[in-house]
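Welcome! Take a moment to look over the chain below, then work through the exercises one step at a time.

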Amino acid sequence: MLRVRVKDRHAVWLSQLSREVNTVWNYCNDLQTRVFERERKFLTGFDFWPYLKGCTRGDDSLNLPVQTVQETAEQYARSRRQHKRVRLAWRKSKGVRRSLGWLPFKVRTIKYAHGQIYFAGKWLSVWDSWGLGEHELRAGSFSEDSRGRWYLNVTVNMKRPPRVAPEGNAIGIDLGLKDLAVLSDGNKVEAERFYRDLEPALATAQRAGKKRRVKAIHAKIANRRQDFLHKLTTKLASRHCVICVGDVNAKALARGPHAKSVLDAGWSAMRTMLQYKCDDAGAWFLEVPEHGTTRMCNCCGAMSGPQGIAGLAVRQWACVVCGVSHHRDTNAARNILARGLAIFEEQFAAAGEAKADEAVVNEIGRHAVPVGVGHDPLVVGIPVL
């Protein structure tokens, strides 16, 4: 998926088309509600099309391409099925809580030429930072951000170089607030203060009622965080063959007194990036239950570490059983790594046993002689031992 920015002079036209997409979405939403009340039936994207035929023809028709209307209905059906609801939220075209613009399209709906994108009968200029002319463009969408800027999001077919799996050591990662990530080898990644650093400027802009300035600051915070996490996760995925991360519940902690710091850290985004980058690099990735990893000694396994709210202030402690001194977060990272390797070992052992059983069954079936019943033809494939 490539994302390029559309030049601002096309924003008004794209916004008009997005309001028509909202009309199609809301029509599907209302139709689904009525059909369910009458027939207790859920409509698929294909079922919507007979009701939408002709909406792009005539004097009062929509200016959308037919493929966009179809994709909007299909996306509605997918979203309704995903959320397991009879009716979804309405897409709002006006007001303070209006929905951000969105224009989906299918394969071969757009084309690229001389640095522009052709869509719905109009050439759109883009900031082509990816070289779109070198790729085969497929399905995607146009989307609007909170600042009113439009982007082209399109999937492409890319030729990937031969994948070489990283040869580095396995690593365990303990996520935190003061240190974003503490690795099992003792290295630390200090947490950046993306939101906290710009919080005074954000508060000043909010008090002054400068909405555009507020949106610009929020965008800067998000871009800085995303850039930092991308660089960090790319380095980790390319240097380690196995990465095990604690499954800290960021959603629950974001409802507590440290909500701003938890959201500023971006734990969930970091784990998501690590997962798909490890898949791409040929490394193993696993989220490991981290319960008790802080208290448990990674040398002897004794639960002798500090616990409770008061124990959070203790950063260095010594095991009362084996006497080894530990750094709290490094010890947790090593326990996470040990648990992750144990889980991998169990999975590999189970997969090996299943493969061995399958080989035995295939061997028996290959040497078995099928027999018939009475004068009927032979029952092929049902061995009798």
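**Exercise 1: A salt bridge between distant parts**

Glu144 is buried, with a relative accessible area of 9%. Here buried means under 20% relative accessible area, exposed means over 50%, and partly exposed lies in between (1.4 Å probe, protein chains only). Before we go on, note that this is a predicted model, in which local features need pLDDT of at least 70 and side-chain atom pairs count only at pLDDT 80 or more, while totals for chains, interfaces and linings use all residues. Residues are numbered from 1 along each chain as its sequence is written, and side-chain values use heavy atoms, with hydrogens and water left out.

Task: Find which residue forms a salt bridge with Glu144.

Solution.
- Step 1: Recall the rule, which asks for a side-chain nitrogen of Lys or Arg within 4 Å of a carboxyl oxygen of Asp or Glu.
- Step 2: The partner is Arg98, and the closest N and O atoms of Arg98 and Glu144 are 3.0 Å apart.
- Step 3: Arg98 sits in the loop between α3 (66-83) and β2 (102-105) and Glu144 in strand β6, so the bridge ties together parts that are 46 residues apart in sequence. Helices (H or I, at least four residues) and strands (E, at least two) are DSSP runs, numbered from the N terminus.
- Step 4: Arg98 has 36% relative accessibility and therefore counts as partly exposed.

**Exercise 2: Salt bridges elsewhere**

Task: State how many salt bridges the structure holds, and examine some of them.

Solution.
- Step 1: The total is 13 salt bridges.
- Step 2: One of them joins the side chains of Arg38 and Glu39, at 3.6 Å from N to O. Arg38 is exposed, at 58% relative accessible area, whereas Glu39 is partly exposed, at 46%.
- Step 3: Another salt bridge pairs Arg196 with Glu199, with 3.5 Å between the closest N and O atoms. Arg196 and Glu199 are three residues apart in helix α4 (residues 194-207), so about one helical turn separates them.
- Step 4: Salt bridges also link Arg193, Asp197 and Arg224 in a network.

**Exercise 3: Aromatic pairs**

Task: Decide how the rings of Trp13 and Phe119 are arranged: stacked or edge-to-face?

Solution.
- Step 1: A pair of aromatic rings is described by the distance of the centres and the angle of the planes.
- Step 2: Apply the cut-offs: rings of Phe, Tyr and Trp (its six-membered ring) pair if their centres lie within 6.5 Å, and planes under 30 degrees apart count as stacked, over 60 as edge-to-face and the rest as tilted. A search of the whole structure finds 13 aromatic pairs.
- Step 3: For Trp13 and Phe119 the centres are 6.5 Å apart and the planes stand at 80°, so this pair is edge-to-face.
- Step 4: The pair links distant parts of the chain, since Trp13 is in helix α1 (residues 11-39) and Phe119 in strand β4 (residues 116-119), 106 residues apart.
- Step 5: Trp13 is buried at 18% relative accessible area, and Phe119 is buried at 0%.
- Step 6: For contrast, try Phe344 and Phe348, a stacked pair with 6.0 Å centre to centre and 20° between the planes. Both lie in helix α9 (residues 328-367), four residues apart, about one turn of the helix. Phe344 is buried, at 6%, but Phe348 is partly exposed, at 46%.
- Step 7: Finally, Trp13, Phe105, Phe119 and Phe142 form one aromatic cluster.
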